[in-house]
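I opened my notebook to look up a few things in this model. I start with the aromatic rings and then follow the strands.

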Amino acid sequence: MRKLFSAGLVSGILVTLTLLATPATAHELDLSVSNSAFRAGYANSLGNGLRLDGGWLRDSDEGNVVHAGLQVTGDAAPNHQKLTAGVGVRLAYLDGEGSKREGYALGIGGSLRWIVPGYDRFSVYGEYYWAPDLLSGGDAEKYVDTSIHLGYNVTRQAEVYVGARYTGADYDKRPSIKFDTGMHIGFNLHF
């Protein structure tokens with residue numbers, strides 16, 4: 001029954017993202033890899049600063065995290081200083097593969113992107129989402145998903161980057177899982 005609920009939750013998230021993403025004005029595909037983990041993400045920027053995103057993180061040792069998120073984004077600095085901020089939520093399904101640690105969490109957080117003045121091809125991007133026990137369920141008691149990366153725009157639509165990420169969860173009466181920690185490389189495509 002639990003597996004059926006989990007599969008239904010993941011399917012529901014993906015169907016909701018697909019339906020909401022239909023009138024999208026900008027698409028974004030993000031792929032990154034570390035020593036033991038792979039992450040794929042997709043986002044749509046809709047009108048009025050609304051951004052929908054979804055993704056999948058696979059760690060070869062620890063398991064999977066599937067997420068869907070919603071952010072409101074916009075300029076965060078005066079005089080066009082190229083600082084963009086976003087505030088929102090991220091619903092995550094956490095599956096500690098083979099460990100009987102499974103749960104979900106609604107993380108609250110956001111993101112910042114800063115384009116280096118005078119060097120428009122370079123940027124710094126970071127995001128942070130946190131869900132305490134109150135916003136976690138199943139076996140999960142806490143969830144943290146945070147990353148930072150330094151990027152270089154090869155073209156206006158393609159960025160390559162290097163960064164660091166921590167994605168982990170605490171579980172009820174079971175050991176924590178660190179789904180991804182450490183350095184990663186990746187690319188981000190806008191179309």
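**Entry 1: aromatic pairs.** I looked for aromatic pairs and found a count of 2. The rule takes rings of Phe, Tyr and Trp (its six-membered ring) whose centres lie within 6.5 Å; planes under 30 degrees apart are stacked, over 60 edge-to-face, and the rest tilted. I noted one pair between F38 and W56, which is edge-to-face, at 6.1 Å centre to centre and 70° between the planes. F38 lies in strand β2 and W56 in strand β3 (residues 50–59), so this pair ties together parts that are 18 residues apart in sequence. Strands here are DSSP runs of E with at least two residues, numbered from the N terminus.

I then checked how covered these two are. F38 is partly exposed, with a relative accessible area of 33%. W56 is partly exposed too, at 37%. In these notes, buried means under 20% relative accessible area, exposed over 50%, and partly exposed in between (1.4 Å probe, protein chains only).

F122 and Y152 also form an aromatic pair, and this one is tilted: 5.1 Å centre to centre, 55° between the planes. F122 sits in strand β7 (residues 122–131) and Y152 in strand β9 (residues 140–155), so the pair ties together parts that are 30 residues apart in sequence. F122 counts as partly exposed at 40% relative accessibility. Y152 counts as partly exposed at 32%.

**Entry 2: what I am reading.** This is a predicted model, where local features need pLDDT of at least 70 and side-chain atom pairs count only at pLDDT 80 or more, while totals for chains, interfaces and linings use all residues. Residues are numbered from 1 along each chain as its sequence is written, and side-chain values use heavy atoms, with hydrogens and water left out.

**Entry 3: strand β2.** I went back to β2, which spans residues 37–45 and holds F38. R39 lies in β2 as well. Is R39 buried or exposed? R39 is buried, with a relative accessible area of 8%. Its side chain makes a polar contact with the side chain of D145 at 2.8 Å. A polar contact is a pair of N or O atoms within 3.5 Å; within protein, one must be able to donate a hydrogen and the other to accept it, and residues adjacent in sequence count only if both atoms are side-chain atoms.

**Entry 4: β4 to β6.** I traced the pairing next; two strands pair if DSSP finds at least two bridges between them. β4 (residues 63–75) and β5 (residues 83–96) pair antiparallel over 12 bridges. Q71 has G88 in β5 as its bridge partner. β5 and β6 (residues 101–115) also run antiparallel, joined by 14 bridges. There, L94 has G103 in β6 as its bridge partner. β5 and β6 form a hairpin with 4 residues between them, and G98 in the turn has a positive phi of about 75°.

**Entry 5: β9 to β11.** β9 and β10 (residues 158–171) pair antiparallel over 14 bridges. They form a hairpin with 2 residues between them. I met Y152 again here: Y152 stands opposite V160 in β10. On the next strand, V160 stands opposite F187 in β11. β10 and β11 (residues 174–190) pair antiparallel over 13 bridges. Their hairpin has 2 residues between the strands, and K173 takes a positive phi near 55°.
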